[in-house]
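The following briefing concerns aromatic packing and the surroundings of one helix. Please consult the sequence and structure shown here before reading the points below.

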Amino acid sequence: MSVRLSIQKNLVEHQMYSDFQKIVLSIVAGLQTSEDQLATIQAEFIRLDRDKNGTLNREELSHMTSGQLCETYDLNWEEIITSCDYNGDGVIDFEEFITACVDKKVLKSHEDVRKAFNVLD
């Protein structure tokens with residue numbers, strides 16, 4: 001699977017996580033995202049941000065849709081935006097995009113989750 005498709009898949013699947021999982025993921029993403037991963041996610045965000053305003057709306061997200069994603073998921077961009085939009089402004093900003101697109105395998109590491117709990121505590 002290409003890196004771009006993996007980022008897109010993670011964004012789409014983000015809506016399946018509970019609010020608590022999203023909070024933990026947000027913290028872990030900040031602690032565990034390498035510079036290379038961050039650069040890759042940033043490049044995809046910049047590519048998608050067609051109007052260059054620093055946010056992604058429904059129209060911009062619809063341009064990322066690959067045939068493989070459409071075959072695998074029933075894409076509802078409004079639901080995806082709502083699940084990623086922590087500040088409630090109706091779009092996805094870069095911080096929200098990072099949280100949604102980071103590899104969800106970080107939630108499976110007990111050490112990473114422990115670090116997130118220490119931040120919350």
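Leaving aside residues up to four places away in sequence, Thr55 touches Phe45, Asp49, Glu60, Val91, Ile92 and Asp93. The model is a predicted one, and two residues from that contact list, Phe45 and Asp93, recur in the points that follow.

**Thr55 and its setting**
- Thr55 belongs to strand 1, which spans residues 55-56.
- With a relative accessible area of 15%, Thr55 counts as buried, because the cut-off for that class is under 20%.

**Aromatic pairs**
- Two aromatic pairs are present in the structure, and one of them joins Phe45 to Phe94 in an edge-to-face arrangement, with 5.3 Å centre to centre and 70° between the planes.
- Because Phe45 sits in helix 3 (residues 35-48) while Phe94 sits in helix 7 (residues 94-101), this pair ties together parts that are 49 residues apart in sequence.
- The partners can also be described by their accessibility: Phe45 is buried, at a relative accessible area of 5%, whereas Phe94 is partly exposed, at 24%.
- Ring pairs link Phe45 and Phe94 with Phe97 into a cluster.

**Helix 7**
- Six of the eight residues in helix 7 are buried, so this helix is largely enclosed by the rest of the structure.
- Those buried residues are Glu96, Phe97, Ile98, Thr99, Ala100 and Cys101, and Phe97 among them is also a member of the aromatic cluster.
- At the start of helix 7, Asp93 places a side-chain oxygen within 3.2 Å of the backbone nitrogen of Glu95; Asp93 is also one of the residues that Thr55 touches.

Definitions and conventions. Residues are numbered from 1 along each chain as its sequence is written. This is a predicted model: local features need pLDDT of at least 70, side-chain atom pairs count only at pLDDT 80 or more; totals for chains, interfaces and linings use all residues. Side-chain values use heavy atoms; hydrogens and water are left out. Rings of Phe, Tyr and Trp (its six-membered ring) pair if their centres lie within 6.5 Å; planes under 30 degrees apart count as stacked, over 60 as edge-to-face and the rest as tilted. Helices (H or I, at least four residues) and strands (E, at least two) are DSSP runs, numbered from the N terminus. Buried means under 20% relative accessible area, exposed over 50%, partly exposed in between (1.4 Å probe, protein chains only). A polar contact is a pair of N or O atoms within 3.5 Å; within protein, one must be able to donate a hydrogen and the other to accept it, and residues adjacent in sequence count only if both atoms are side-chain atoms. Contact means heavy atoms within 4.5 Å.
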